[in-house]
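Here are my notes for you to read with the structure open beside them. Take the points one at a time and find each spot as you go.

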Amino acid sequence: MKIGILGAGQLGRMLALAGYPLDFDFVFLDPATEACAAPLGTHIHAGFDDEQALREFCVSVDVATFEFENVAGSSAEFVARRVPLYPPPLALTAGQDRLHEKQLFVQLGIPVPAHAAVGSLEGLKAAVGHIGLPAVLKTRRMGYDGKGQAVLRTTADVEAAWLKLGSQPLILEQFVPFEREVSCLAVRGKGGELRCYPLVENVHRDGILRTAIPTVADPLQTEGEDYARRVAEHLDYVGVLAFEFFVAGGKLFANEIAPRVHNSGHWSIEGAECSQFENHLRAIAGLPLGSTALRGPSAMVNLIGAAPAVAELVDLPGVHVHMYGKTPKPQRKIGHLTVTATDRASLLARLAPVQALVERYAS
Ligand code: AMP
């Protein structure tokens, strides 16, 4: 079966690496010259809105998906009219605007941080009066990895944040004093079956994910799965859906969804019976879903900006190296490590020096 993927970054690369053993082939469409999934399939080098290229993409695949969530809804519709596209275009666009995304959560009865749409400096001041400080001002569209955001701590920050971001539609959110951040990775098959991985505890710095550790018997597992199910069923979702939450006062507050495989699920390559990448492919290809159970303790550490030499990394006990073939650049995710161990205490003992080593190189 030929799988078409819109986007050819590291998520596409890891989808292909999971797919070849199942006898899948891959076609990628991506405008980037350095598209790190390109060596793993046919690369159509064109913009996501290039109709000629999208036509060529559609005729060469049996089923299509995406690994980049900012593909325009019109391009997704164009593809979906010609070839089965999973998740469906509505699932793609549902998360593209942070305000509409929050409205969807509210509609589905999922708790969200206090927030308000902002379209002017006066509107921002009014929203600050209503929501209070600290607060986070974000662009409604195209933000990722903490980009397009400003934290407002005092009223003196308001005008600077407006000058930085005010040329686009914005949303102001209450700054959630979270105890931790978790994500729920769910996979939904074509027949509606839904499976969730154990909730993952995520640590971010400068808005970028640094470490992700799957939890064991987390008290919020059922709540997270319930919220993921509400969204997945509402969107008639097929594939892997990532749902990010803040935990405050022991309860979940929805931050955002990503309609794709997700960085907080990379540990599942070694740490779960069936990885998020294989499960996404199984779902969109109509195969039975794989088990989301843990194989054992694991943790994921992102390599950001720069990394130690592979020769040094592969020599560390329990460390599995995934380099993405990307040119190192500050703030760029260039690879990740999965650390595994036989029990949680040994995992944490292995993880600490790995994190310290990786942090020395991160930029
Ligand atoms: P986002 O792009 O919205 O996922 O934001 C990136 C990271 O910034 C999150 O994972 C949090 O660590 C932090 N962050 C974003 N929004 C908030 C908020 N409303 N309150 C506290 N921290 C936030």
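1. Start with K102 and E173, whose side chains meet in a salt bridge, 2.9 Å from N to O. Keep in mind that this is a predicted model, so the distance is computed from predicted atoms. Side chains of opposite charge can pair when their charged atoms come close. Where do the two partners sit? K102 belongs to helix α5 (residues 98-107) and E173 to strand β8 (residues 170-174), so the pair ties together parts that are 71 residues apart in sequence.

2. That pair has company: the salt bridge count comes to 17. Another one to look up is R260 with E69, where the closest N and O atoms are 2.7 Å apart.

3. Now zoom out to the domains. The protein is divided into domain 1 (2-85), domain 2 (114-174) and domain 3 (180-361). Check R260 and E69 against those ranges: R260 falls in domain 3 and E69 in domain 1. Between domain 1 and domain 3 the count is two salt bridges.

4. Stay with domain 1 and domain 3 for a moment. Their C-alpha centres lie 22 Å apart, and the contact takes 19 residues from domain 1 and 21 residues from domain 3. How much area do domain 1 and domain 3 bury between them? It's about 1,800 Å², with 70% of that on carbon and sulfur atoms.

5. Next, a pair of helices. Two packed helices are described by the angle between their axes and the distance between the axes. For helix α1 (residues 10-19) and helix α10 (residues 276-285), the axes come within 8 Å and cross at roughly 75 degrees. Angles from 65 to 115 degrees count as roughly perpendicular, and α1 and α10 are therefore roughly perpendicular to each other.

6. Which residues make that helix contact? On the α1 side they are L11, M14, L15, A18 and G19, and on the α10 side F277, E278, H280 and L281. Sort the residues of this contact by type and you get six nonpolar, two polar and one charged.

7. P169 is worth a click too. You'll find P169 in the loop between α7 (158-165) and β8. Leaving out residues up to four places away in sequence, P169 touches V118, K138, T139 and R140. Compare its position with H280: the two are 111 residues apart in sequence and 33 Å apart in space, C-alpha to C-alpha.

8. Last, some backbone oddities. Most residues other than glycine have a negative phi, and most peptide bonds are trans. Now look at the bond from Y86 to P87, which is cis with omega near -10 degrees; P87 sits in the loop between α3 (73-80) and α4 (89-94). L133 and P134 are also joined by a cis peptide bond, with omega about 0 degrees, and P134 is in the loop between α6 (121-131) and β6 (135-139). As for phi, A217 has a positive value near 50 degrees although this residue isn't glycine. Look for A217 in the loop between β12 (208-214) and α8 (221-234).

How values were computed: Residues numbered from 1 in each chain as written. Predicted model: local features only at pLDDT ≥ 70, side-chain atom pairs only at ≥ 80, totals over all residues. Heavy atoms only, no water. Axes fitted to C-alpha atoms, helices over the stretch in contact; angles between N-to-C directions. Helix = DSSP H or I, 4+ residues; strand = E, 2+ residues; numbered from the N terminus. Parallel < 35°, antiparallel > 145°, perpendicular 65-115°, else oblique. Contact = heavy atoms within 4.5 Å. Nonpolar A, V, L, I, M, F, W, Y, C, P; charged D, E, K, R; others polar. Domains from an automatic or database assignment. Buried area = accessible area lost by both parts, 1.4 Å probe. Salt bridge = Lys/Arg side-chain N within 4 Å of Asp/Glu carboxyl O.
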